[in-house]
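This report concerns a single molecular structure, shown below with its sequence. It treats a metal site, a helix and contacts of aromatic rings in turn.

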Amino acid sequence: MHELSIVMGIVDIAENEASKAGVSSFDVIELDIGNLAGIVMEALDFAWQPGTKGSVLENAKRKVNRIEAIAKCADCDHEFVSETLYESCPECGSYFTNLIQGNELKIKSLEYHT
Ligand SMILES: [Zn+2]
């Protein structure tokens, strides 16, 4: 399951941050997940518990910010909300568009009490 390896990746980063900060667990983790990041939220939920068990994230509260996908047309500079990765510009029909945001998967913040 793809989402379990994603959770493991997040745990890796968090373990690293924990040893840098000298803490043994985090209370809150905040994630930015783009609508086009290819993450199925239900699968992520399902993978979260087994993936974080015994780690610094085991008891962390998870906050997820869904990031709307926005693309910019390379021909006319029009910016638009994109539902798929390969959407043409609604203004001029060009297929030369670049995703500005919406494919990210990143840890926005990790919180802990000292
Ligand atoms: Zn355009």
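## Zinc site and helix H2

The donor residues of the zinc ion follow the sequence spacing C-x2-C-x12-C-x2-C. Of these donors, Cys73 belongs to strand E3 (residues 70-73), while Cys89 is in the loop between strand E4 (79-81) and strand E5 (97-101); the pair therefore ties together parts that are 16 residues apart in sequence. The model is a predicted one. In it, the zinc ion is bound by the SG atoms of Cys73, Cys76, Cys89 and Cys92, lying 2.3 Å from it. The angles among the 4 donor atoms are 106 to 116°, and the site is tetrahedral. For comparison, the ideal angle for four tetrahedral donors is 109.5 degrees.

Relative accessibility is listed here for two of the donor residues.

| Residue | Relative accessible area | Class |
|---|---|---|
| Cys73 | 1% | buried |
| Cys89 | 2% | buried |

Helix H2 (residues 41-52) has 12 residues, which at 1.5 Å a residue should span 16 Å; its end C-alpha atoms lie 16 Å apart, in agreement. The buried residues of H2 are Met41, Ala43, Leu44, Ala47, Trp48, Gly51 and Thr52. Viewed down the axis of H2, these buried residues fall within an arc of 145°, so they line one face of the helix. Exposed residues Glu42, Phe46, Gln49 and Pro50 are carried on the face of H2 turned away from its buried side.

Trp48, one of the buried residues of H2, also takes part in a contact with a charge: the charged end of Arg62 sits over the Trp48 ring, 4.7 Å from its centre. Separately, the count of aromatic pairs is 1.

Note on methods
Residues are numbered from 1 along each chain as its sequence is written. This is a predicted model: local features need pLDDT of at least 70, side-chain atom pairs count only at pLDDT 80 or more; totals for chains, interfaces and linings use all residues. Side-chain values use heavy atoms; hydrogens and water are left out. Rings of Phe, Tyr and Trp (its six-membered ring) pair if their centres lie within 6.5 Å; planes under 30 degrees apart count as stacked, over 60 as edge-to-face and the rest as tilted. A charge sits over a ring if NZ of Lys or CZ of Arg is within 6 Å of the ring centre and within 35 degrees of the ring normal. Donors are N, O and S atoms within 2.8 Å of the metal (3.2 Å for Na, K and Ca); water is not among the atoms, so sites may look incomplete. Four donors count as tetrahedral if all angles lie between 85 and 135 degrees; four count as square planar and six as octahedral if opposite donors are over 155 degrees apart and all others between 65 and 115; anything else is irregular. Helices (H or I, at least four residues) and strands (E, at least two) are DSSP runs, numbered from the N terminus. Buried means under 20% relative accessible area, exposed over 50%, partly exposed in between (1.4 Å probe, protein chains only). The expected span of a helix is 1.5 Å times one less than its number of residues. The arc is that of the directions from the helix axis to the C-beta atoms.
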